[in-house]
Amino acid sequence: MYIGIDVGGTNLKAGLVDEAGKIVAVERVPLDFQGPEAFAATLAELAGKVLREGVQWVGVGLPGAVDGGDVLFTTNIPMKDVPLERLFRQHLDLPLLLGNDADCAAAGEFFGGAGRGTRDFAVITLGTGVGAGLILNGKLRGGLASSEAGHMVICKDGEPCNCGRRGCWERYASATGLIQQTKRAMEAHPESALRKFAAERGVEGRTAFQAAEAGDETALAVCRQYVEYLASGMVSLINALRPEVVAIGGGVSAAPEHLLLEPLREAVAKESFSRHGGRATRILPAELGNDAGIIGAAMLGRVL
């Protein structure tokens, strides 16, 4: 048995996970960060609520960079160069394994979702940014070697990115990028049903897809352009790594398949090197949803 903790923007969720990757108990508390020492104590207390005899380790998935048991930095809570495992073991003497959120999503899907039965597998998460978790030959490429595929440049001299470069994949293929593209299309086409649709419901990552499904041509154009951006980075990733499967997760992945995954598969098949022969990568939806973080964190010790 293992414990996985998913550190989200508003909540901490801990789950007891069995050998098959199934969650058998869950506890959650609001995230109330009061410094690294108090945070470590909260993690230990939360883990203790689902602790059973025979638990081998506690895994924690964080939105940031990690190295062994240390947090190098996190993006939504102020931690930098924090020896989190050492602080944690002052309260609960179990090994603490750390992974970033995309790596944990990959580990979870590898054992219990779209990556079952593979050896070379990738997860792409489409949210505020573009995250990438890679499992190569059955081992997670994590820690200091975690992928930053979202910062591949797909548009030279393109949109400025928070990383300091311009034209990064995540500036175009993330939900944030899609929202920006949707707003620009609304401004350019004030007569469109997309603008009326968004005026009623607000603009989210799913807005263009919802309006496109209703038949709006402006929204359809946004979706087609978005798929082109997504495919551009996907082809480079696939050509470099040649995984068996790439799973798409995050909020945007819930878009209708005929508007997202089907044209994405078509574009990738047309452009990727595998059209000349060899392994053809399958593109699938991620399966675990909000459970991926807990399951993946719990399973870190089996892929590191």
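Student: How many of the 7 residues of β10 are buried?

Tutor: This is a predicted model, in which local features need pLDDT of at least 70, side-chain atom pairs count only at pLDDT 80 or more, and totals for chains, interfaces and linings use all residues. Residues are numbered from 1 along each chain as its sequence is written, and side-chain values use heavy atoms, without hydrogens and water. Buried means under 20% relative accessible area with a 1.4 Å probe, protein chains only. Strand β10, a DSSP run (E, at least two residues) numbered from the N terminus, is mostly covered, the number of buried residues being 6.

Student: In what order do the 5 strands of the open sheet stand?

Tutor: Strands of a sheet pair through backbone hydrogen bonds, either parallel or antiparallel. Two strands count as paired if DSSP finds at least two bridges between them. The edge strands, each pairing on one side only, are β11 (139-140) and β13 (282-285). With mixed pairing, the order is β11-β10-β9-β12-β13.

Student: Which residue of β10 stands opposite I124?

Tutor: Strands β9 and β10 run antiparallel and are joined by 6 bridges. A hairpin of 3 residues links β9 to β10. Opposite I124 in this pairing stands A132.

Student: Which residue in the turn between β10 and β11 has a positive phi?

Tutor: Strand β10 (residues 130-136) pairs with β11 in the antiparallel sense over 2 bridges. Here I135 stands opposite L140, and L136 has K139 as its bridge partner. The two strands form a hairpin with 2 residues between them, and the positive phi, about 50°, belongs to N137.

Conventions:
Helices (H or I, at least four residues) and strands (E, at least two) are DSSP runs, numbered from the N terminus. Buried means under 20% relative accessible area, exposed over 50%, partly exposed in between (1.4 Å probe, protein chains only).
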